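Ready to work through a few exercises with the structure on your screen? Try each task yourself before you read the solution.

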Amino acid sequence: MTDLALLLIEDSADDADLIALALRRGGFSPRIDRVETLPALDEALRRGRARIVLCDYQLVGFSGLEALDLVRRRAADLPFIFVSGRMGEDVAVEAMRSGAQDYVTKDHLARLAPAIARELADAAMRARARDAQAETRATQARLAEILEIAADAIISVDDDQHITVFNRGAEQVFGYAAQEVLGASLAVLLPAPVAGRHAGYVREFGQGSDDARRMGERAEVFGR
């Protein structure tokens, strides 16, 4: 059995018992936090224990869409599934557009456990993607800091030889501010005779079979 911390928005104790039974039959060991009002839902979301939310569409005193709106404001990426006895196709489409991941009717509760398993897997994938993006941003920030404090001139160009990186060391060597040359052709930094030869070198490099310069290889560069 898989442990499952579940937030259930349901005002029928009998239906809550049926949902718990369907989950146990589907291989889950549910720890259910059941709420029946929006203030109770808000408090449960603030505790932050649930991995998924199940919600009836028709509730006493508020609607399932109101509950969904509160969940999205408090926990934007928390998986949310409607479990309702009265939910036509039009209503289901509106619910999905509003941010629900899925819906299951109460007369087909055998679908519930597979739907939960799928949504938990998707949520884990989204979390990994967010972590990867955060690591990429952190790496880019560290690289930008290194480029700024480096004493050497560091210049990067794109495939069309337009300048994409021009660090503070390059500003000191060439006398240009970065904003003056970013996006410009590298030729702006090369004397005319050198610029012509450089273009030829680039073409030859792209056509050659050896597409990497050997470590430690040095070349004299003329610039302006």
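**Exercise 1. Find the partner of Asp102 in a salt bridge, and say whether each of the two residues is buried or partly exposed.**

Step 1. This is a predicted model, so every value here is computed from predicted atoms. Look for a side-chain nitrogen of Lys or Arg within 4 Å of a carboxyl oxygen of Asp or Glu.

Step 2. Asp102 meets Arg111 that way, with 3.7 Å from N to O.

Step 3. Now check accessibility, where under 20% is buried and over 50% is exposed. Asp102 comes out at 9%, so it's buried. Arg111 has 39%, so Arg111 is partly exposed.

Step 4. Want the wider picture? The whole structure has 16 salt bridges, and Glu10, Asp15, Asp56 and Lys106 are joined in a network of them.

**Exercise 2. Work out how the span of helix H5 sits against the expected value, then look at which of its residues are buried.**

Step 1. Helix H5 runs over residues 112-149, which gives 38 residues.

Step 2. From first C-alpha to last, H5 reaches 56 Å, close to the 56 Å expected at 1.5 Å a residue.

Step 3. The buried residues of H5 are Leu112, Ala113, Ala115, Ile116, Glu119, Leu120, Ala123 and Leu147.

Step 4. Pick Glu119 from that list: at 5% relative accessibility it's buried. Glu119 has a salt bridge to Arg118, with the closest N and O atoms 3.6 Å apart. Arg118 is partly exposed at 39%.

Step 5. Now try Glu135 and Arg142, whose side chains form a salt bridge at 3.4 Å from N to O. Glu135, at 45%, is partly exposed, and Arg142, at 43%, is partly exposed too.

**Exercise 3. Give the order of the strands in the open sheet and say which strands stand at the edges.**

Step 1. Five strands line up as E2-E1-E3-E4-E5, with parallel pairing.

Step 2. Go to the ends of that order. Strand E2 (28-35) and strand E5 (102-105) each have a single partner strand, so one side of each has no neighbour in the sheet.

Step 3. How are neighbouring strands turned against each other? On average by 25°, direction ignored.

Step 4. Zoom in on one pairing: strand E1 (residues 2-9) and E2 share eight bridges in the parallel sense. For Leu8, the bridge partner in E2 is Arg34.

**Exercise 4. Describe how the rings of Tyr57 and Phe82 are arranged, then find which residues join them in a cluster.**

Step 1. A pair of aromatic rings is described by the distance of the centres and the angle of the planes. The structure holds three aromatic pairs.

Step 2. For Tyr57 and Phe82, the centres are 5.3 Å apart and the planes stand at 70°, so the pair is edge-to-face.

Step 3. Place the two residues. Tyr57 sits in the loop between strand E3 (52-55) and helix H3 (64-74), and Phe82 in strand E4 (residues 80-84), so the pair ties together parts that are 25 residues apart in sequence.

Step 4. Check burial. Tyr57 is buried at 10% relative accessibility, and Phe82 is buried at 0%.

Step 5. Phe82 also pairs edge-to-face with Phe80, at 5.0 Å centre to centre and 75° between the planes. Phe80 is buried as well.

Step 6. Put the pairs together, and you get a cluster of Tyr57, Phe80 and Phe82 linked by ring pairs.

Key: Residues are numbered from 1 along each chain as its sequence is written. This is a predicted model: local features need pLDDT of at least 70, side-chain atom pairs count only at pLDDT 80 or more; totals for chains, interfaces and linings use all residues. Side-chain values use heavy atoms; hydrogens and water are left out. Helices (H or I, at least four residues) and strands (E, at least two) are DSSP runs, numbered from the N terminus. The expected span of a helix is 1.5 Å times one less than its number of residues. Buried means under 20% relative accessible area, exposed over 50%, partly exposed in between (1.4 Å probe, protein chains only). Rings of Phe, Tyr and Trp (its six-membered ring) pair if their centres lie within 6.5 Å; planes under 30 degrees apart count as stacked, over 60 as edge-to-face and the rest as tilted. Two strands pair if DSSP finds at least two bridges between them. Axes are lines fitted to C-alpha atoms, for helices over the stretch in contact, and angles run from 0 to 180 degrees between N-to-C directions.
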